[in-house]
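Biologist: Can you put the complex up on the screen? I'd like to go through chain B and its partner.

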Amino acid sequence: MRVFVYLPFLACIAASLLARPAARRANPRIATWILTATGLALAIAASGALALLAFAEVARLPSVAAYGRWSATAVGSRVPVPWWIGVIALLCMVAISVDVVRHARRYGQALVPAIHIQHQSQTEIIIVDDDSVYAYACRPWPLRPGVVLISKGLTRTLDDDARAAVVAHERSHLAHHHALYQLASVMIGALNPLLRPIRREIDFSLERWADEDAAAKVGREATAVALGISAAHATRRPRAFQAGLPHAGTRVPERMRALLEHPASRGRAILALTLSNAVLAAAAVALAAHNTELLFEILRK
Amino acid sequence: MSKQQPAEEPRRGFGELEQQVLSVLWAADTPLIPREVQARLDDAPAYTTVMTILDRLHGKGTVTRELRGRAYAYEAAVTESAAASERVRALLANGSDRSAVLQGFVDVLSDSDADEVRRLLRDARHRDNAKRARH
C-alpha cells in the first residue's frame, strides 16, 4: 500500500501533461477514444486511492474499529499512512462529492429540456428564431436520432458552402454519439480536478473530429472559413446566455490551423504513453487495495 | 476576360434555383419526387439540374428524402416553429451545464484569438478562391 496508493495521483498529473500534445498531434477520433478511456480509468483509480487513504483515517476511530473487530491502536502503528494525509484525503472526498452533486444538478437542468427538444422535433434540423450566431448538435438520448439547432443569425451570416460545413460538423457530432464522450468528460473533470486538462482535451478532440468529418464533405478551406466567420460573429453577439459556459474559448484558431495545415497523423507514441499511465494507475490501486485488505485481515482479532 | 467569370455564373444561378426548389418543397404538404418539383418550378429547368439541386440540398440537411417507388421523394427538413425556438432559447438561457448536452460549433473568442482568427480567415479564403479558380 505504502507507495502504490500514491501512484494514481502521479499518473493523473503525468496524463494531464501528456493530454495536450496527444490531442494536438494524433488523429482526433483516436485521440478522443484514448483520452476518454484514460480519463475514466484514472478518475476511478484515483477515487479508489483516495478512498483507501480516507479509510485508513476512519479505521482509527474507536467505534469503527470496534465494528470491524480490529484494534484502533494497532491501525495507528501498522497502517503506513500518516494521520494528516488521511485527513486531507477525507476533506478531498467531501469536496469532490459536493462538486459531483453540483455538476449532476447542472447537468440535469440542461438534460431535461434538451431531451424534450430532441423528442418534440419532427425534423433533423431546427432553425431557431434568434439573431445570435450559433449551431448545436443535440442528442442527449442516444437511442433516438439527434437534432441540429441552427440560429437564424447563423444562416444569415454564412453562405451555402459554409452552412453545409456547419451542418456536416453537427451531423458528425450526432452520428458518432459525441454527447456520450462529452458526458464522460464532464464526469472525469468532476471526479478529479487533477484531470481537468484531460477534460479540456477530450472536448477539443471532439470538435476536431467533427471538423475533419465536415472537411471530408465540403473541403478543408471551406470548413476553416465557416469556422472563422462563425467565430468572428459569435464574438459580437449579445452576452445574455453565456454565464453557464464552463470553459470560454473553443480554441478556434487551433482548429483552423489544423484544417489549413493538413497535419500528419502522428502522436501514436504520446497516446500509448498516456494510456499506459492509466493501466499503471489501475494496477497500482488494485495492488494497494489488495494489500490493505491483507493488512486488515492480519489486524482482525 | 478572367477565367472566374463563367464559373461564377452557374453558381449564382444554382443558389437562386435552390431557393426556388426549397420554396416549392415548403409550399407542398407532401414529399415530392424530382419530376413533381420540376413541374412546379416556373421556367422548368432540366431534370438533371433539379436532381443535382435536390441532392445538394439533401447533403446540406435542408431536405429529407424517402424512397417512393423507384425515386426519392423530397421534403423540406426544417422546423421553424415559434414553440421549438422558444424551447431552445430557454435551454440556452437557463445557466445550466449545457456543454454536456449540446455540442457546439464555436463559442466566444478571446480578443487575441479574434485577431488570429481574422488572419487565418484571410488565408483560408484566399486559398479557397484559388482552388475554385483552378476548377
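Modeller: Here are some notes on chain B and how it meets chain A. This is a predicted model, in which local features need pLDDT of at least 70, side-chain atom pairs count only at pLDDT 80 or more, and totals for chains, interfaces and linings use all residues. Residues are numbered from 1 along each chain as its sequence is written, and chains are lettered from A and ligands numbered from 1 in the order in which they are written.

Biologist: What is the mean pLDDT of chain B?

Modeller: The mean is 78, and 81% of the residues of chain B reach 70 or more. pLDDT is the predictor's confidence in each residue, from 0 to 100.

Biologist: Where in chain B is confidence lowest, and where is it highest?

Modeller: It is lowest in helix H1 (residues 4–27) of chain B, with a mean of 59, and highest in helix H2 (residues 34–40) of chain B, at 89. Over residues 1–12 of chain B, pLDDT stays under 50, and the model has three contacts for them beyond four places in sequence. Two residues are in contact if their C-beta atoms, placed from the backbone, lie within 7 Å.

Biologist: And the complex, what ipTM does that get?

Modeller: The predictor gives the complex an ipTM of 0.78, with a pTM of 0.79.

Biologist: How many helices and strands in chain B?

Modeller: Chain B has five helices and four strands. From the N terminus on, the order is α-α-α-β-β-β-α-β-α. Helices (H or I, at least four residues) and strands (E, at least two) are DSSP runs, numbered from the N terminus.

Biologist: Which way do S1(B) and S2(B) run?

Modeller: Strand S1 (residues 63–68) of chain B and strand S2 (residues 71–76) of chain B run antiparallel, joined by six bridges. Two strands pair if DSSP finds at least two bridges between them. B:Thr64 stands opposite B:Glu75, and B:Arg65 faces B:Tyr74. The two strands form a hairpin with two residues between them, and B:Gly69 in the turn has a positive phi of about 65°.

Biologist: New topic. How many residues of each chain are in the contact?

Modeller: Chain B gives 49 residues and chain A gives 71. On the side of chain B, five elements each supply at least two residues: helix H3 (47–60), strand S3 (78–79), helix H4 (82–93), strand S4 (102–104) and helix H5 (111–134). The largest share, 13 residues, comes from H5(B).

Biologist: What does H5(B) meet in H10(A)?

Modeller: Residues of H10(A) including A:Val225 and A:Ile229 meet residues of H5(B), among them B:Leu120 and B:Leu121. The residues of that contact divide into eleven nonpolar, one polar and six charged. Here Ala, Val, Leu, Ile, Met, Phe, Trp, Tyr, Cys and Pro count as nonpolar, Asp, Glu, Lys and Arg as charged, and the others, Gly among them, as polar.

Biologist: Which strand of chain A is joined to S4(B)?

Modeller: Strand S2 (residues 135–138) of chain A is joined to S4(B) by three bridges, and the two run antiparallel. In that pair, A:Ala137 stands opposite B:Gln103.
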